[in-house]
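Q: Could you take me through one part of this model close up? I'd like to start at the end of the chain and then see how that part sits in the rest.

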Amino acid sequence: MYHLPAYLALERWVLARTVVVVQPSGPEGSRRLLAAGARQVLVIGGDFNSEPGMEVRPSAGSRLPLRDESIDIVVCIEAFGALRSTDRRELLRESHRVLRSEG
């Protein structure tokens with residue numbers, strides 16, 4: 001399911017930033033962030049194809065397949081509520097690892 005209000009709320013924060021979207025249910029939210037001016041949108045665990053400006057990568061379990069301090073924003077809207085508490089904690093640890101200091 002596409003969570004339009006949550007993505008709308010993020011639009012003002014993504015301008016010229018590198019954004020990671022974790023396990024979205026479809027490409028609509030990621031496209032919205034790209035249209036709002038994100039420099040790049042990396043999708044982890046999406047079940048759709050990459051598009052210009054939006055790279056889709058397979059899920060790597062609980063690890064985000066990204067370099068340390070390489071991302072400005074990490075978003076997990078659709079999948080977060082369905083994650084087990086241990087997986088949520090791991091996603092938060094991984095997000096902290098990949099986020100730049102001002103992320």
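A: Here is a walk through the C-terminal part, followed by two loop residues and the chain as a whole. Keep in mind that this is a predicted model.

Let's begin with Glu102, which lies in the segment after helix H3, and H3 itself covers 85-98. Glu102 is exposed, since its relative accessible area is 53% and the cut-off for exposed is over 50%. Its side chain still has a partner: a polar contact of 3.0 Å links it to the side chain of Ser101. There's also a long-range pairing to look at here. Asp72 and Glu102 are 30 residues apart in sequence, yet their C-alpha atoms are 7.2 Å apart in space.

Now step back into helix H3, where you'll find Arg97. This arginine is buried, because its relative accessible area comes to 17% and buried means under 20%. What does Arg97 touch once its neighbours within four places in sequence are set aside? The list is Arg63, Leu64, Leu66, Arg67, Asp68 and Glu69. So, going by the contacts of that one residue, you can click through 63, 64, 66, 67, 68 and 69 and see each of them against Arg97.

Next up is Ser70, which has its place in the loop between strand E3 (54-57) and strand E4 (73-75). Ser70 counts as buried, with a relative accessibility of 10%. With neighbours within four places in sequence left aside, Ser70 is in contact with Val98 and Arg100, and also with Thr18. Val98 is the residue at which helix H3 (85-98) ends, while Thr18 is where strand E1 (18-22) starts. That makes Ser70 a handy residue to centre your view on, with contacts to Thr18 on one hand and to Val98 and Arg100 on the other.

From Thr18, have a look at the loops on either side of E1. Ala16 is found in the loop between helix H1 (4-10) and strand E1 (18-22). Its phi is near 60°, a positive value in a residue other than glycine. Ala16 is partly exposed, at a relative accessible area of 43%. Past E1, Gln23 lies in the loop that leads to helix H2 (28-35). Gln23 also has a positive phi without being a glycine, here near 45°. Its relative accessible area is 31%, and Gln23 is partly exposed.

Zooming out, the chain has 3 helices and 4 strands, and from the N terminus on they run α-β-α-β-β-β-α. The C-alpha atoms fill a box of roughly 35 × 30 × 25 Å along the principal axes. The radius of gyration is 12 Å, which agrees with the value near 13 Å for a compact globule of 103 residues. Of those 103 residues, 37% are buried. Residues 24 or more positions apart account for 51% of the contacts with a separation of 6 or more.

As for the surface, the chain exposes about 5900 Å², and carbon and sulfur atoms supply 53% of that. On the charge side there are 14 positive and 13 negative side chains, and the centres of the two sets lie 3 Å apart.

Definitions and conventions:
Residues are numbered from 1 along each chain as its sequence is written. This is a predicted model: local features need pLDDT of at least 70, side-chain atom pairs count only at pLDDT 80 or more; totals for chains, interfaces and linings use all residues. Side-chain values use heavy atoms; hydrogens and water are left out. Helices (H or I, at least four residues) and strands (E, at least two) are DSSP runs, numbered from the N terminus. The radius of gyration is taken over C-alpha atoms; the globule rule is 2.2 Å times the number of residues to the power 0.38. Buried means under 20% relative accessible area, exposed over 50%, partly exposed in between (1.4 Å probe, protein chains only). Contact means heavy atoms within 4.5 Å. Accessible areas come from the Shrake-Rupley method with a 1.4 Å probe; for residues, only the protein chains shown count as cover. Lys and Arg count as positive and Asp and Glu as negative; His and the chain ends are not counted. The place of a charge is taken as NZ of Lys, CZ of Arg, CG of Asp or CD of Glu. A polar contact is a pair of N or O atoms within 3.5 Å; within protein, one must be able to donate a hydrogen and the other to accept it, and residues adjacent in sequence count only if both atoms are side-chain atoms.
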